[in-house]
Structures are given as structure tokens and as C-alpha cells.
Amino acid sequence: MERDENARCWDGNADAWTKLSRAGYDVYRDFLNTPAFLAMLPDVSGRRGIDIGCGEGSNTRLVAGRGARVIGIDVSPRFVEHALEAERREPIGIEYRVGDAIALPFRDAAFEFAVAFMSLMDVPDHARAIAEAFRVLEPGGFLQFSILHPCTNTRHRRNLRDATGKTFALEVGRYFERTDGHVDEWLFSAAPAEAKQGLPLFRVPTFHRTVAEWMNAIVAAGFAIERVEEPFASDDVVRRCPSLQDTQQAPYFLHVRCRKPR
Ligand SMILES: C[S@@+](CC[C@H](N)C(=O)[O-])C[C@H]1O[C@@H](n2cnc3c(N)ncnc32)[C@H](O)[C@@H]1O
């Protein structure tokens, strides 16, 4: 898939994504992924950071809320407009720019840290994106990112459910098959029909890579892996949001923090 086509798909997703996620229907993000990511994030207070693939800026604002000076970049101009509009409404000092993760519009060593919440698996060349993050970090800086877990986010995947509808296993196949822009179409499953009414399906180009490809890209860029997490919902979270029960059976997300040597 061409880079422009990837950007066009995300631009087309931006309005519905912003509307539904701000209405609270991105439950995997809000109840699990973002809290786990922030729990793993080192102290960023007073530090210069970049949020790569910031979308409408919800997680960028949380990082800025920890005292960091953050620039959010996203390949989709429309997502950046939504982020800028939120910043205008309630200014907290975040800068946003349109930019591509595989050619970041910043000088070498411009940042002390980089974050990428659930975006690098959407970039056509994950290895270049990781190498770019390495380039714009100063020595001693870190990149922390979350992605869909490569072991379970495969071309073939089926939730196996018991009589009550609870997932007890995942059936996974075609793990070694790369996808190079295969477009998945969906909307947040937590959103009720009324909320989805009239909205186009998201069109999400996928670029599946194996765990080995991810780890080797991190190492090839020059990073040292510092921490890895595979978050799953606690029983308390499942009580509050029952649909996250499936994350207790198999890993849905992979969180990695890696550091550029001094
Ligand atoms: C799943 S959304 C996550 C958005 C946001 N980080 C969040 O956690 O809510 C993926 C984001 O990555 C962006 N993206 C996709 N390809 C990109 C690229 N090549 N460079 C920068 N951003 C990209 C999309 O436009 C989208 O905003």
C-alpha cells in the first residue's frame, strides 16, 4: 500500500473515531491500554517528548498532564484538526503537527522521550518508524509504544466462547503471513447501534508483523529493551466493563519500552 493511501484511510476515519472515542466507546483503550501504558511510563515531568500517531490527542493530553512538554504528530490532517480544536478549547500547551512516523519532521536528538499509543502497527514500515524514533531521541532517551499483540492479531482469529458467551480461548492462524495494507473495516464494538448510526465503518490498513520482526527492528535501530508488558483486565475492570473479559484469556496488546544508549 502507498503511504498516501494509508494517510487517506486514516483521514477518512478521523471524524467517526473522534466522535465515538470521545463518547467513551474505545473501551479497550480507556479501561485497559492507556492505564497500563501510563503505569509503565517513567517520570516525564519537565521533559520534551513526542507522541507519534497521536490521533485526536486524548493520550497526548494525558502525557502532557504529567508535566511533559509534548508535540503530537499524526499522518492524518483531520485527526490533527480535532486535536488542535481540543487544544484551542482547553489550552494545555501541546503542539500538534501533521507528520509521518517514517520521516519525522524533526532534527536528530530533538526529544528526551517518545511515546506511540497503538499507532506503530498502523505504519507501513515498522522498522523505519522505530529507527526514526531512535534518530529524534537524545542519547539516554526512551521510546515507549503499545501495539496490537502480534501473536493474536493475525489474519485468522476467532474467539471461542462458552455457553454464556464468555471467551475461553482464541483460535489463531496465519501468524507468519504479513499483511501489507489489507484493510479491516469495523467500528468500536462497545458503541450501541444509535451511536453508530450514519457513521461509515473505519477503514484500517493493517501491517501485521511477527514478534521476532518487532524485536529485531528495535535491536537493529540501536535500542536496548528495558521493559515489556502484556496487559490484561483485572477482575475489577471486567466487573465494570464485562466485554474486556476476553483480554484475560490471551494477550491482546504488547507494550514495550526501549532506550537509546548514552
Ligand atoms: C489506532 S489510532 C491511535 C490514536 C491515538 N494514539 C490513541 O491512542 O488514541 C492510530 C493512529 O496512527 C495514525 N497513523 C497511521 N499511520 C501513521 C503514520 N505513518 N505516521 C503517523 N501517524 C500514523 C493514525 O492516523 C491514527 O491516528
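Guide: Two strands pair if DSSP finds at least two bridges between them. The model discussed here is predicted.

Visitor: How many bridges join β4 to strand β5?
Guide: Strand β5 covers residues 137-148, and β4 and β5 run parallel. One residue of β4, A116, stands opposite F145 in β5. Two bridges are enough for pairing; the number joining β4 to β5 is six.

Visitor: What is the handedness of the β-α-β crossover from β4 to β5?
Guide: From β4, the chain passes through helix α5, residues 126-136, before it reaches β5. The crossover made in this way is right-handed.

Visitor: Which residue of β4 is the bridge partner of D51?
Guide: Strand β1 consists of residues 48-52. Three bridges join β1 to β4, and the two strands run parallel. In β4, the partner of D51 is V115.

Visitor: Is strand β4 mostly covered or mostly exposed, and how many of its residues are buried?
Guide: A residue is buried when its relative accessible area is under 20%. Strand β4 spans residues 111-117 and is mostly covered. The count of buried residues in β4 is seven of seven.

Visitor: Which elements do the buried residues of α5 pack against?
Guide: The buried residues of α5 are H126, A129, I130, E132, A133, F134 and V136. They pack against β1, β4, β5 and α7.

Visitor: Which strands are the edge strands of the open sheet?
Guide: Seven strands form the sheet, with mixed pairing, in the order β3-β2-β1-β4-β5-β11-β10. From one strand to the next, the twist averages 20°. An edge strand here pairs on one side only, and this holds for β3 (95-98) and β10 (224-229).

Visitor: What angle does the direction of α7 make with that of β11?
Guide: Two helices that pack on the sheet can be taken in turn. Helix α4 touches β2 (69-74) and β3, and its direction makes about 165° with that of β3. Helix α7, residues 211-221, touches β5, β10 and β11 (253-259). The angle between the directions of α7 and β11 is about 15°.

Visitor: How is the packing of α1 to α4 classed by angle?
Guide: Helix α1 (residues 3-22) and helix α4 (residues 77-89) pack at about 40°, with their axes 7 Å apart. Angles under 35 degrees count as roughly parallel, and 65 to 115 as roughly perpendicular. The angle of about 40° therefore makes α1 to α4 oblique.

Visitor: How many charged residues does the contact of α1 with α4 have?
Guide: On the α1 side the contact residues include W10, D11, D15 and R22, and on the α4 side they include R78, E85 and R89. By class, the contact has seven nonpolar and two polar residues. The number of charged residues in it is six.

Visitor: What is the phi of R174, and what is the phi of A109?
Guide: Most residues other than glycine have a negative phi. R174 lies in the loop between β7 (167-173) and β8 (182-186), and A109 is in the loop between β3 and β4. Both are partly exposed, R174 at 44% relative accessibility and A109 at 26%. Neither is a glycine, yet phi is positive: about 60° for R174 and, for A109, about 55°.

Definitions and conventions:
Residues numbered from 1 in each chain as written. Predicted model: local features only at pLDDT ≥ 70, side-chain atom pairs only at ≥ 80, totals over all residues. Heavy atoms only, no water. Buried < 20%, exposed > 50% of the residue type's maximum accessible area, 1.4 Å probe, protein only. Helix = DSSP H or I, 4+ residues; strand = E, 2+ residues; numbered from the N terminus. Right-handed = clockwise from strand over helix to strand, strands pointing away. Axes fitted to C-alpha atoms, helices over the stretch in contact; angles between N-to-C directions. Parallel < 35°, antiparallel > 145°, perpendicular 65-115°, else oblique. Contact = heavy atoms within 4.5 Å. Nonpolar A, V, L, I, M, F, W, Y, C, P; charged D, E, K, R; others polar.
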